[in-house]
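Trainee: Could you take me through the nonpolar core of this model, with a close look at how its parts come together? I'd like the cut-offs as you go.

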Amino acid sequence: MMIDEVLKANEEFTKNFEGEELGHLPKKKLVILTCMDTRLVNFLEPALGIGRGDAKIIKNAGNTIVGEDAIRSIAAAIYSLGAEEVMVIGHTNCGMAHADEEKIINKMLEMGISKEEIDKVNIKEWIGAIDGEESNVIKTVDTIKNHPLITDEVPIHGLIIDIVSGELKVLVDGRG
């Protein structure tokens with residue numbers, strides 16, 4: 001199982017790692033909402049010049065706002081942890097732009113989820129399927145900006161990172 005591989009890797013990591021005490025506040029006063037895509041691991045942060053301890057990073061499927069959880073984390077970063085800027089960073093070729101609702105439902109049924117439970121939610125919306133990467137970033141920025149518990153004093157930016165080159169494109173400049 002993968003857990004055995006992870007524990008072995010951790011044992012090797014801790015043998016060679018020289019730890020340092022870091023505070024829980026983001027040094028760059030930044031919170032980032034981005035996608036959970038595996039291609040962003042060890043890619044996004046270096047492309048942004050972000051290191052350990054610099055930013056609060058929230059990852060979810062398609063960097064979307066579904067329900068209140070991402071908003072809750074952004075609010076915690078602003079009001080409790082000192083973040084002064086928010087970036088929503090999507091990426092090219094996002095798997096959520098190609099999410100097949102029927103395929104997801106069939107896989108759920110195959111894995112024992114009842115039709116009755118599936119029918120209780122709009123799967124496309126619930127899973128975070130998006131129509132396009134850029135339009136999704138703009139929509140997510142608007143959702144954050146217009147949330148009643150997010151202050152207008154914090155700039156909310158929207159960007160897309162090219163998953164191959166690492167080049168950033170600004171879609172929404174939150175400075176005004």
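Mentor: Happily! Let's begin with contact, which here means heavy atoms within 4.5 Å. The model is a predicted one, where local features need pLDDT of at least 70, side-chain atom pairs count only at pLDDT 80 or more, and totals for chains, interfaces and linings use all residues. Residues are numbered from 1 along each chain as its sequence is written, and side-chain values use heavy atoms, with hydrogens and water left out.

A good place to start is Ile 74, which touches Val 31, Ile 58, Val 86, Ile 144 and Ile 150, leaving aside residues up to four places away in sequence. A nonpolar core is a set of buried Ala, Val, Leu, Ile, Met, Phe, Trp, Tyr and Cys residues joined through side-chain atoms within 4.5 Å. Buried means under 20% relative accessible area, exposed over 50%, and partly exposed in between (1.4 Å probe, protein chains only). The largest such core has 21 residues, and those with the most contacts inside it are Val 31, Ile 74, Val 86, Ile 144, Ile 150 and Ile 156. At least two of its residues come from each of E1, helix H3 (69–79), strand E3 (85–91), helix H7 (133–145) and strand E4 (156–161). H3 gives this core its largest share, 6 residues. Helices (H or I, at least four residues) and strands (E, at least two) are DSSP runs, numbered from the N terminus. Apart from this core lies another, of 16 residues, among them Ala 55, Ile 89, Met 96 and Leu 159. As a general point, nonpolar side chains tend to be buried together in soluble globular proteins.

Now for two polar residues. Asn 60 lies in strand E2 (residues 55–60) and is buried, because its relative accessible area is 18%. Beyond residues up to four places away in sequence, Asn 60 touches Leu 33, Thr 34, Cys 35, Met 36 and Ala 70. Lys 29, by contrast, is found in the loop between helix H1 (2–16) and strand E1 (30–35). Its relative accessibility is 38%, so Lys 29 counts as partly exposed. With the same sequence neighbours set aside, Lys 29 touches Asp 54, Gly 82, Ala 83, Glu 84 and Glu 85. There is also a link back to the core: the C-alpha atoms of Lys 29 and Val 86 are separated by 8.9 Å, although the two residues are 57 residues apart along the chain.
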